[in-house]
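Trainee: Before I go to the bench, I would like a close look at a single part of the surface, and then at whatever contrasts with it. Could you take me through it slowly, with the cut-offs behind each term?

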Amino acid sequence: MTSLFQSVPQAPRDPILGLNEQFNTDSRDHKVNLGVGVYYDEQGRMPLLNSVKHVEQRLADQASARGYLPIDGIVSYNKGAQQLLLGADSAVLAQDRAVTIQSLGGTGALKIGADFLKTIVPNATVAISNPSWENHRALFEKAGFEVVDYPYYDAQTKGFDLPGMLQFLEQLPNQSIIVLHACCHNPTGIDPTFEQWLQIADVITAKQHIPFMDIAYQGFGAGLEPDAAAVRMFTERQIPMLISSSFSKSFALYGERVGALTVITTDSEQSPKVLSQLKRLARTNYSNPPTHGAKIISCIFNDAELLQQWKDELAQMRQRIKAMREQLVIKLKEHGVAQNMDFVLTQNGMFSYSGLTQAQVQQLRDEDAIYILDTGRICVAALNPHNMDTVAAAIARVLR
């Protein structure tokens, strides 16, 4: 037994969290981390939202015991997540065609959803965008699926490759699983227009594909309502689907792992059966979800004044990110970048696909202590008035 673990290979470092570990060990005072997808304020600090702080004080004053939650989580949390996603007056909710369970962040929702799909369409192909969030591939491969890439990013135009995506989806076998970013695409920040979403939905319907929407940044694009437009359109067209929601960014509760998995069924008779299977999978994965983060969000969802305060705070974060996009483009021009960087302004959410090569990214790390993912993805939310000029000057130098 002394040799039990000798054959275990070293796992590769996570491309995002591994970069963060490298950043943390860098001793240079002027270092800047633009890799990890976290929102920071103008002072470079992760915020504690006032709406969250208010609820935490209230919960501390109540000092209640912490028993086990139901397997599917807090009922009012799940209901609030549904209404935020689908709208309070959604026909889907009125018809009992939405099933939601509290999950361990958006990642946990994807995991439970992938395992659930493996039980009903075990031989399906999973298609993710090229590029996509790195964990999408790993999650579905670990669930036992073959994962392929559909065209998404056009490097020539630095925009969305709709024809390539549609052609690829048409050629996939019927009932393939299509992982879609509902808004604020990670890593590119490039989203389809609503008219383009309609064309995507047409192909998905014709091929009977199974959409799995990942919406981790609702409210960081155009706003809470428009960011959910694609999800709501799919549900209105009676397309059965799965949706992974994350509240890590929008409530700045990263460490609380607050997410939800929602399944849209075609009739109310299916809903309790689906819920029973989701609960069974959750039970064998982590038994039941944690209390604190979901209780905070549930309190905000169910208090009109706190809900409006949170929406205002989210709008401020969204507007600051947009302002940083604008400033980055201005500063790059000031520092001599001749190429047109206006594509940065058309991207949405926390990220920008900058067009930087892996060699240029490495140069920024080595020479300037500026940490960006190898793909060139920049977390715009980590820019602020104090580091903007330094970052823009460094990027301008490597682009020459």
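Mentor: A patch is built from residues with over 30% relative accessible area and no salt bridge (a side-chain nitrogen of Lys or Arg within 4 Å of a carboxyl oxygen of Asp or Glu), like charges being joined within 9 Å and nonpolar side chains (Val, Leu, Ile, Met, Phe, Trp, Tyr) within 5 Å. On the surface of this predicted model, L4, F5 and V8 make up such a nonpolar patch, together offering about 340 Å² of accessible area (Shrake-Rupley method, 1.4 Å probe, only the protein chains shown counting as cover for residues). F5 sits in the segment before α1 (17–25), helices being DSSP runs of H or I with at least four residues, numbered from the N terminus. With a relative accessible area of 63%, F5 is exposed (over 50%; buried is under 20%, and partly exposed lies in between).

For contrast, Q360 in helix α15 (residues 358–368) is buried, since its relative accessible area is 16%. The side chain of Q360 makes polar contacts (N or O pairs within 3.5 Å, one able to donate a hydrogen and the other to accept it, with sequence neighbours counted only if both atoms are side-chain atoms): the backbone nitrogen of T357 lies at 2.9 Å, and the backbone oxygen of V398 is 3.1 Å from a polar atom of that side chain. Leaving aside residues up to four places away in sequence, Q360 touches G355, V398 and L399, contact meaning heavy atoms within 4.5 Å.

Numbering runs from 1 along each chain as its sequence is written, and side-chain values use heavy atoms, without hydrogens or water. Local features need pLDDT of at least 70 and side-chain atom pairs 80 or more, whereas totals for chains, interfaces and linings use all residues.

Technical notes:
Helix = DSSP H or I, 4+ residues; strand = E, 2+ residues; numbered from the N terminus. Buried < 20%, exposed > 50% of the residue type's maximum accessible area, 1.4 Å probe, protein only.
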